[in-house]
Amino acid sequence: MRISNRVSDLLRSAALPLDSGKAFPMRSSAELCLGDAISLFDKGNFVDAARRAVDSLSYSVGVFSPVYTSAKAALGEMSA
């Protein structure tokens with residue numbers, strides 16, 4: 001799978017908790033990270049976009065969530 005497709009999947013994963021409309025303590029931080037990720041993706045900076053998407057997930061679902069750990073592992077594969 002191309003890196004742009006993998007990052008696009010990460011962006012969708014990061015957007016899901018925000019699309020739910022539920023309030024959570026670090027929502028604004030998650031939104032900021034996702035906005036950065038989308039901007040970086042649009043500029044073709046896919047690895048940094050993936051990093052910011054993973055940052056967004058850390059705020060929205062937490063670092064112990066399976067969604068986050070899966071995204072973090074995918075990021076590690078992209079960065080290697």
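# A walk through the helix packing

Select I3, S4, V7, L10, L11, S13, A14, P17 and L18 in α1, then F46, V47, A49, A50, A53, S56, L57 and S60 in α3: these two sets meet each other. By class, the residues of this contact of α1 with α3 are 13 nonpolar and four polar, with no charged residue. Keep in mind that this is a predicted model.

**Stop 1: the axes of α1 and α3**

Draw the two axes. Those of α1 and α3 come within 9 Å and cross at roughly 20°. The cut-off for roughly parallel is an angle under 35 degrees. α1 and α3 are therefore roughly parallel to each other. Now check the hand of the crossing. For α1 and α3 it is left-handed.

**Stop 2: S4**

Stay on this contact and pick S4. S4 sits in helix α1. Is S4 buried or exposed? S4 is buried, because its relative accessible area is 13% and buried means under 20%. Which residues does S4 touch, leaving aside its neighbours within four places in sequence? S4 is in contact with F41 and F46. F46 is also among the α3 residues that meet α1.

**Stop 3: α1 against α4**

Bring up α4 next. α1 and α4 pack at an angle of about 160°, with their axes 11 Å apart. That makes α1 roughly antiparallel to α4, since angles over 145 degrees count as such. α1 passes α4 in a left-handed crossing. To see the contact, select I3, R6, V7 and L10 of α1, together with A71, A74, E77 and M78 of α4. This contact of α1 with α4 has six nonpolar and two charged residues, and no polar ones. I3, V7 and L10 are worth leaving highlighted: they also appear among the α1 residues that meet α3.

**Stop 4: α3 against α4**

Hide α1 for a moment. How far apart are the axes of α3 and α4, and at what angle do these helices pack? The axes are 10 Å apart and the angle is about 165°. That makes α3 roughly antiparallel to α4. The crossing of α3 and α4 is left-handed.

Now select the residues. On the α3 side, take V47, A50, R51, V54, L57 and S58. On the α4 side, take V67, Y68, A71, K72, L75, M78 and S79. The contact of α3 with α4 divides into nine nonpolar, two polar and two charged residues. A71 and M78 also belong to the contact of α4 with α1.

**Stop 5: the core**

Show α1 again and turn to the largest nonpolar core. How many residues are in it? There are 20, and the members that touch the most others are V7, L10, L11, L34, A50, A53 and M78. Colour by element to see where the core comes from. The helices α1 (3-19), α2 (27-42), α3 (46-60) and α4 (66-79) each give two or more residues to it. Which helix gives the largest share? The answer is α1, with six residues.

Click on L11. Not counting neighbours within four places in sequence, L11 is in contact with L34, A37, I38, F41 and A53. F41 is the residue met earlier as a contact of S4.

**Stop 6: I38**

Follow that list to I38, which is found in helix α2. I38 counts as partly exposed, at 40% relative accessibility. Measure from I38 to S8, C-alpha to C-alpha: the two are 9.1 Å apart in space and 30 residues apart in sequence.

**Stop 7: Y59**

Go back to α3 and select Y59, which lies in that helix. Y59 is partly exposed, with a relative accessible area of 35%. Which residues does Y59 touch, not counting those up to four places away in sequence? They are F24, M26, S29, A30 and C33. Draw a distance to one of these, M26. The C-alpha atoms of Y59 and M26 are separated by 5.6 Å, and the two residues are 33 apart along the chain.

**Last stop: L16**

End on L16, in helix α1. Is L16 buried or exposed? L16 counts as exposed, because its relative accessibility is 59% and exposed means over 50%. For a final distance, pair L16 with A73. Their C-alpha atoms are 19 Å apart in space, and 57 residues separate the pair in sequence.

How values were computed: Residues numbered from 1 in each chain as written. Predicted model: local features only at pLDDT ≥ 70, side-chain atom pairs only at ≥ 80, totals over all residues. Heavy atoms only, no water. Core = buried A, V, L, I, M, F, W, Y, C linked by side-chain atoms within 4.5 Å. Buried < 20%, exposed > 50% of the residue type's maximum accessible area, 1.4 Å probe, protein only. Helix = DSSP H or I, 4+ residues; strand = E, 2+ residues; numbered from the N terminus. Contact = heavy atoms within 4.5 Å. Axes fitted to C-alpha atoms, helices over the stretch in contact; angles between N-to-C directions. Parallel < 35°, antiparallel > 145°, perpendicular 65-115°, else oblique. Left-handed = near helix turned anticlockwise from the far one by under 90°. Nonpolar A, V, L, I, M, F, W, Y, C, P; charged D, E, K, R; others polar.
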